[in-house]
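Here are some short exercises to work through with the structure open beside you. Try each task on your own before reading the solution.

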Amino acid sequence: MTEKSAAAATRATVYGYPRQGRNRQLKKAIEGYWKGAVTADALHTTAAVLRRENWQQLVDAGVNEVPTGDFSLYDHVLDATVAVGAIPPRHRAAYEADPLDGYFAMARGTQEVAPLEMTKWFDTNYHYLVPELGPDTAFAADSAKQVGDLREALALGHDARPVLLGPVTYLLLAKPAPGVAPDFQPLTLLDRLLPVYAELLADLRAAGAEWVQLDEPALVQDCTPADLNAAARAYRVLGALTDRPKLLVAGYFDCLGGALPVLAKAPIEGLALDFTGRAAANLDDLAAAGGLPGKRLVAGVVDGRNIWINNLGASLATLATLLCLADSVDVAPSCSLLHVPLDATAEREVDPQIARWLAFARQKATETALLARGLREGAGAIVAELAANRADLASRAASPITRDPAVRARTAAVTEADARRAQPYADRVEAQRARLGLPLLPTTTIGSFPQTADLRAARADLAAGRIDQDAYRERMAAEIREVIAFQEKAGLDVLVHGEPERNDMVQYFAEQLTGYLATRHGWVQSYGTRYVRPPVLAGDISRPHPMTVEWFRYAQGLTDRPVKGMLTGPVTMLAWSFVRDDQPLAETARQVALALRDEVADLEAAGGAVIQVDEPALRETLPLRAADRPAYLDWATEAFRLTTSGVRADTQIHTHMCYAEFGDILSAIEELDADVISLEAARSRMQVAGELAGVGYPREVGPGVWDIHSPRVPGTDEIVRLLHAGLAAIPAGRFWVNPDCGLKTRGWPETQASLEHLVAAARQVRAGLAD
């Protein structure tokens with residue numbers, strides 16, 4: 001196909017779209033259903049309305065082909081589990097009795113049955129529910145959701161393309177089911193799974209699908225020969241089917257590397273590739289593989305994970321280069337737009353200068369359509385838009401908002417000694433134990449306590465002017481008094497103030513640091529009905545004033561027990577924000593670390609004996625390819641140490657991580673040089689404790705014993721069993737007892753009961769150790 005004819009065929013498409021609705025209608029409907037205030041029919045009606053609105057927004061933006069099946073009531077990986085019939089045995093009865101309640105039971109658990117494990121979706125802040133598979137897993141196709149969504153879109157007159165999680169990625173994301181040997185490889189089930197995908201594809205073709213997209217992001221990681229052989233076999237088998245739609249296989253978040261020639265040679269009709277950021281090398285790799293003659297290429301040239309406007313001229317140049325490498329070239333964002341907020345025009349309080357630089361999902365859809373038009377009709381057709389885009393990019397590059405000479409001078413002056421504690425851990429631990437005087441198996445929580453409706457109402461009342469600062473502060477003080485009193489009564493050893501004043505663990509700090517801006521409507525799904533508003537990191541970072549010291553000092557004054565000072569670490573401040581893309585992440589991390597270092601010093605001066613700097617995103621931000629990881633871990637661990645290394649020996653530094661696979665960063669955890677680390681461990685049944693023991697981790701550890709992302713209240717006996725499992729790997733003298741994560745999303749009754757059980761379990765095990 002000639003470049004001219006390839007350009008003439010160019011269309012705009014996307015892989016997925018935010019699910020929540022402009023006012024988070026989906027969240028409200030689902031939580032209403034859980035409370036019994038919304039019927040199943042009403043929930044499904046809300047979902048259908050949102051799907052229609054999403055498709056119409058895309059069409060109005062100029063998108064020619066809309067996705068279906070990407071919309072989910074909780075998680076698209078859980079949807080894939082349902083589609084292939086891999087319901088865990090413990091959930092099967094509930095699912096068969098009521099599919100909707102069974103679906104949510106897999107996601108959230110019940111008092112009787114634990115949910116599926118949850119972890120991060122590659123290197124994003126989205127969490128997926130991990131499939132549980134074993135040698136006895138029997139797959140069965142259930143295409144109802146996919147077929148239903150497709151028929152809805154077709155009935156509305158849309159050109160629609162169903163999106164399914166690909167079979168290889170589904171198996172690579174899975175883990176051995178409980179009771180299955182831990183070395184079981186789910187990928188060995190591929191030949192059993194492929195006939196189920198064949199049935200799903202046949203059902204979608206019968207429902208009117210011309211194309212189906214199969215997402216294979218796992219193939220952008222370092223693939224073993226077995227992984228590549230599985231990909232080749234999967235698409236050889238699916239490509240040979242006669243009763244199927246055309247297949248578009250998508251890889252995103254990084255380069256496909258060795259998987260690219262495998263997929264390019266497979267008997268499929270199209271390939272979707274990411275050409276942004278670190279995936280830009282896909283262009284050279286595609287050319288080296290001989291292109292995609294006779295096939296469709298969907299080119300992801302609009303960044304689907306960040307919120308800055310596209311460089312339209314550069315993207316058009318990339319697209320023009322791609323025209324000679326495929327039969328047709330269509331334009332898309334780099335990945336699903338699930339990872340960005342819905343609409344930047346809703347942010348009316350953002351500085352107008354900065355607003356020119358922002359593109360959320362709706363704007364990215366427009367950019368995608370504009371690029372498709374430019375490729376199809378020539379740059380002359382969009383000359384005015386290209387000129388406006390150049391002006392906006394120049395405005396950002398020249399803006400004083402983005403550069404602070406004092407901040408840059410301070411970061412340039414940092415030395416290696418600034419990022420190292422003055423005393424080795426062996427000396428520090430003795431000083432800390434003497435100062436704190438804690439018992440064996442000390443108990444604590446991670447930081448936040450329930451964010452009640454009253455607390456949210458107080459913040460809303462302050463913002464609306466219905467109460468003044470004094471009234472708001474008294475409401476926060478009353479909550480802190482209640483939280484401290486409960487913890488003392490429950491018997492916890494190291495307390496927290498509960499963070500009632502904090503709207504979010506990143507946003508709270510971002511609102512007090514220069515260089516950041518907060519949005520009002522920039523909601524992004526983290527998991528299920530949990531939505532966050534990542535702040536935007538637009539310029540250089542500094543701390544004008546202390547951020548947490550006043551409330552720490554107030555809480556510590558209420559008790560003789562140690563209260564933790566609580567901060568969010570520099571890597572998490574970056575990972576859970578939309579970061580600037582005009583300088584290296586390492587430089588931005590160092591700026592944030594120095595601002596937080598000032599806060600740590602002030603907390604210590606205020607009497608803080610225990611200071612926790614949370615880094616739940618350290619593993620999440622790990623590059624997908626091993627070759628890129630050492631450089632990342634070097635600057636990430638340095639940023640943490642730069643934050644924490646200015647304290648004296650008897651000040652105990654804690655950190656916390658949750659909901660990630662930690663095996664890849666065990667050496668980095670040691671390199672953080674924290675005195676105590678708490679980690680998620682309940683759903684994985686203390687797996688991380690064994691991993692830490694396996695590498696000889698020498699410091700104190702708090703593997704979580706209560707899964708706080710489920711409404712279940714764990715019994716004392718259950719916690720005792722987890723403690724014994726953890727103590728089999730970690731000595732009691734280095735073992736802390738705590739929940740998996742903060743308690744912000746939990747209600748007070750379950751929090752009280754669970755923490756009472758946690759303390760009782762710790763005391764029971766402690767007494768047994770003393771016998």
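**Exercise 1. Find the element that holds Gln432, decide whether Gln432 is buried or exposed, and list what it touches.**

Solution. This is a predicted model, so every step below reads from a prediction.
- Step 1: Gln432 belongs to helix H18, which covers residues 425-436.
- Step 2: The cut-off for buried is under 20% relative accessible area. Gln432 has 1% relative accessibility, so it counts as buried.
- Step 3: Set aside the neighbours within four places in sequence; Gln432 is then in contact with Arg421, Ala649, Asp650, Thr651, Gln652 and Asp675.

**Exercise 2. Work out where Phe275 and Ala279 sit, and which residues each one contacts.**

Solution.
- Step 1: Phe275 is in the loop between S9 and H12. Ala279 also lies in the loop between strand S9 (270-274) and helix H12 (282-288).
- Step 2: With a relative accessible area of 0%, Ala279 is buried. Phe275 is at 8% relative accessibility, so it counts as buried too.
- Step 3: Not counting residues up to four places away in sequence, Phe275 touches Ala280, Asn282, Leu283, Leu286, Leu297, Ala299, Gly300, Val301, Thr318 and Leu322. For Ala279, leaving aside neighbours within four places in sequence, the contacts are Asp254, Cys255 and Asp274.
- Step 4: Now set sequence against space. Ala279 and Phe253 are 26 residues apart in sequence, and their C-alpha atoms are 6.9 Å apart. Phe275 and Asp427 are 152 residues apart in sequence, with 50 Å from C-alpha to C-alpha.

**Exercise 3. Describe how helices H9 and H10 cross, and what kinds of residues make the contact.**

Solution.
- Step 1: Two packed helices are described by the angle between their axes and the distance between the axes.
- Step 2: The axes of H9 (residues 190-206) and H10 (residues 225-239) come within 10 Å and cross at roughly 35 degrees. The crossing of H9 past H10 is right-handed.
- Step 3: On the H9 side, the contact is made by Leu190, Asp191, Leu194, Tyr197, Ala198 and Leu201, while H10 supplies Ala230, Arg233, Ala234, Val237 and Leu238.
- Step 4: Sorted by class, this contact of H9 with H10 has nine nonpolar residues, two charged residues and no polar ones.

**Exercise 4. Look at the backbone of Arg24 and Glu499: what is the sign of phi in each?**

Solution.
- Step 1: Recall that most residues other than glycine have a negative phi.
- Step 2: Arg24 is not a glycine, yet it has a positive phi of about 55 degrees. Arg24 is in the loop between helix H1 (3-8) and helix H2 (25-34).
- Step 3: Glu499 also has a positive phi, near 60 degrees. The loop between helix H20 (469-490) and helix H21 (507-510) holds Glu499, and Glu499 is buried, with a relative accessible area of 10%.

**Exercise 5. Step back to the whole protein: how many helices and strands are there, and how compact is the protein?**

Solution.
- Step 1: The secondary structure comes to 29 helices and 20 strands.
- Step 2: The radius of gyration is 26 Å, close to the 28 Å given by the globule rule for 771 residues, so the protein is as compact as a globular protein of that length.
- Step 3: The C-alpha trace spans about 75 × 60 × 50 Å along its principal axes.
- Step 4: Of the 771 residues, 61% are buried.

Definitions and conventions:
Residues are numbered from 1 along each chain as its sequence is written. This is a predicted model: local features need pLDDT of at least 70, side-chain atom pairs count only at pLDDT 80 or more; totals for chains, interfaces and linings use all residues. Side-chain values use heavy atoms; hydrogens and water are left out. Axes are lines fitted to C-alpha atoms, for helices over the stretch in contact, and angles run from 0 to 180 degrees between N-to-C directions. Helices (H or I, at least four residues) and strands (E, at least two) are DSSP runs, numbered from the N terminus. A crossing is left-handed if the near helix is turned anticlockwise from the far one by less than a right angle, and right-handed if clockwise. Contact means heavy atoms within 4.5 Å. Ala, Val, Leu, Ile, Met, Phe, Trp, Tyr, Cys and Pro count as nonpolar, Asp, Glu, Lys and Arg as charged, and the others, Gly among them, as polar. The radius of gyration is taken over C-alpha atoms; the globule rule is 2.2 Å times the number of residues to the power 0.38. Buried means under 20% relative accessible area, exposed over 50%, partly exposed in between (1.4 Å probe, protein chains only).
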